[in-house]
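Here is a short tour of side-chain contacts, helix packing and a few backbone details. Keep the sequence and the 3D view at hand while reading.

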Amino acid sequence: MTVTYLEFEKPVATIAARAGEYRAAGDEGAAKHADGAARRLLAETYARLSPWQKTQVARHPQRPHFGDMVRVLVDDFTPLAGDRAFGEDQAIIGGLGRLRSQGGMPVMIIGHEKGNDTASRVKHNFGMGRPEGYRKAIRLVEMAGRFNVPVVTLIDSAGAYPGIDGEERGQAEAIARSTEAFLAAPVPVIAAITGEGMSGGAIALAAANRVLMFEHAVYAVISPEGCASILWRTAEGDTNKPAEAAESMRITAADCKRFGIADTIVPEPLGGAHRDPVAAIAALAAAISAELTPMLDMTPAALRKARRNKFVEMGRVL
């Protein structure tokens with residue numbers, strides 16, 4: 001796979017291109033030397049990423065998405081469509097499968113799908129759920145509770161769809177009810193922020209016992225661009241204020257863990273999950289299994305209490 005380089009990775013791209021030129025000319029020794037230099041520079045670059053740069057990594061178009069992860073995390077995935085009220089939402093996908101890391105244990109897995117090319121991104125509305133998507137999530141969580149099946153969510157969305165048709169069908173109410181349903185679930189719930197987890201569109205699927213975050217994922221009540229637009233009335237395309245907003249909002253995995261919002265940081269391959277999706281998803285599978293195992297013997301009351309206490313503590317000022 002040819003990697004698309006982000007703007008701040010351009011020096012790495014220059015050295016990598018030089019390695020390709022050496023290799024094409026038959027100078028394998030020089031090519032290996034350039035490869036090594038590119039890798040060292042990549043490591044140095046990723047060791048000091050700013051929150052805004054991490055946001056760009058979290059949004060990388062080649063980052064693994066819901067469908068990519070489900071194919072590795074579970075066997076026998078069976079999608080369950082529709083909210084039984086209006087219709088089917090393609091941005092939020094969910095269904096039953098057998099979790100490989102737990103020996104084939106049944107699991108309800110729900111998440112945002114952004115798509116991998118233009119056609120699929122349009123089909124999945126770029127991962128921005130409509131009310132029927134959140135109402136579908138409510139239905140699936142309640143089903144998981146009836147059949148005593150753990151719930152795993154994979155969150156990667158710029159936020160809920162802000163269009164007028166979403167508002168007409170009760171977007172805010174659907175998000176609130178989804179959050180309520182997750183908090184009330186009588187089964188273990190694990191949420192993983194795999195890319196960007198923004199606004200109510202993320203928390204509606206993330207009111208979980210344990211919240212995992214990929215190393216370069218971001219999680220916040222609003223996107224940096226949205227924050228900058230509100231505070232500074234920034235124009236579209238202005239990246240200076242969004243970068244400043246990202247710095248102030250404390251949106252990185254390290255910040256979220258420090259503040260008790262996330263519980264576990266899942267390491268990514270050097271240069272981000274998009275450079276080695278197989279290794280990234282394997283690390284996520286191991287983290288989900290490690291978090292799920294201790295909860296399997298907990299009672300429904302204990303699971304609900306632990307979940308409630310987790311979110312109450314987030315607002316405590318020390």
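Are Phe-8 and Tyr-46 buried or exposed? Phe-8 is buried, and Tyr-46 is buried too. Keep in mind that this is a predicted model.

## Aromatic pairs

How many aromatic pairs does the structure hold? There are 2 aromatic pairs. One of them joins Phe-8 and Tyr-46. Their ring centres are 6.0 Å apart, and the planes stand at 55 degrees, so the pair is tilted. Phe-8 sits in the segment before α1 (10–24). Tyr-46 belongs to helix α2 (residues 28–46). The pair therefore ties together parts that are 38 residues apart in sequence.

Phe-66 and Phe-77 also form an aromatic pair. This pair is edge-to-face. Centre to centre the distance is 6.3 Å, with 70 degrees between the planes. Phe-66 is part of helix α4 (residues 66–73), while Phe-77 is part of strand β1 (residues 74–79), so a helix and a strand are tied together by residues 11 apart in sequence. Phe-66 has a relative accessible area of 3%. Buried means under 20%, so Phe-66 counts as buried. Phe-77 has 25% relative accessibility and counts as partly exposed.

## Charges over rings

Two arginines are worth finding in the view. Arg-169 lies over the face of Phe-86, and the distance to the ring centre is 4.2 Å. Arg-258 lies over the face of Phe-259, at 4.7 Å from the ring centre.

## Helix packing around α8

Helix α8 (residues 171–184) comes together with helix α6 (residues 131–146). Their axes come within 8 Å and cross at roughly 20 degrees. Angles under 35 degrees count as roughly parallel, so α6 and α8 are roughly parallel to each other. The crossing of α6 past α8 is left-handed. Which residues of α6 meet α8? From α6 come Pro-131, Tyr-134, Arg-135, Ala-137, Ile-138 and Val-141. Their partners in α8 include Gln-171, Ala-174, Ile-175, Ser-178 and Phe-182.

Helix α8 also packs with helix α14 (residues 300–314). Here the angle is about 130 degrees, and the axes are 8 Å apart. The two helices are therefore oblique to each other. Phe-182, Leu-183 and Ala-184 in α8 meet Arg-304, Arg-307 and Phe-311 in α14. Phe-182 thus appears in the contacts with α6 and in those with α14.

Glu-180 is another residue of helix α8. Glu-180 is partly exposed, with a relative accessible area of 44%. Gly-163 is 17 residues away from Glu-180 along the chain, and their C-alpha atoms are separated by 23 Å.

## Positive phi in two loops

Which residue has a phi near 65 degrees? That is Arg-84, a residue other than glycine with a positive value. Asn-148 is not a glycine either, yet its phi is positive, at about 55 degrees. The table sets out the values for both residues.

| Residue | Phi | Location | Relative accessibility |
|---|---|---|---|
| Arg-84 | near 65 degrees | loop between β1 and β2 (92–99) | 63%, exposed |
| Asn-148 | about 55 degrees | loop between α6 and β4 (151–157) | 59%, exposed |

Exposed means over 50% relative accessible area, so Arg-84 at 63% counts as exposed. Asn-148, at 59%, is exposed as well.

Key: Residues numbered from 1 in each chain as written. Predicted model: local features only at pLDDT ≥ 70, side-chain atom pairs only at ≥ 80, totals over all residues. Heavy atoms only, no water. Phe/Tyr/Trp six-rings, centres within 6.5 Å; stacked < 30°, edge-to-face > 60°. Helix = DSSP H or I, 4+ residues; strand = E, 2+ residues; numbered from the N terminus. Buried < 20%, exposed > 50% of the residue type's maximum accessible area, 1.4 Å probe, protein only. Lys NZ or Arg CZ within 6 Å of the ring centre and 35° of its normal. Axes fitted to C-alpha atoms, helices over the stretch in contact; angles between N-to-C directions. Parallel < 35°, antiparallel > 145°, perpendicular 65-115°, else oblique. Left-handed = near helix turned anticlockwise from the far one by under 90°. Contact = heavy atoms within 4.5 Å.
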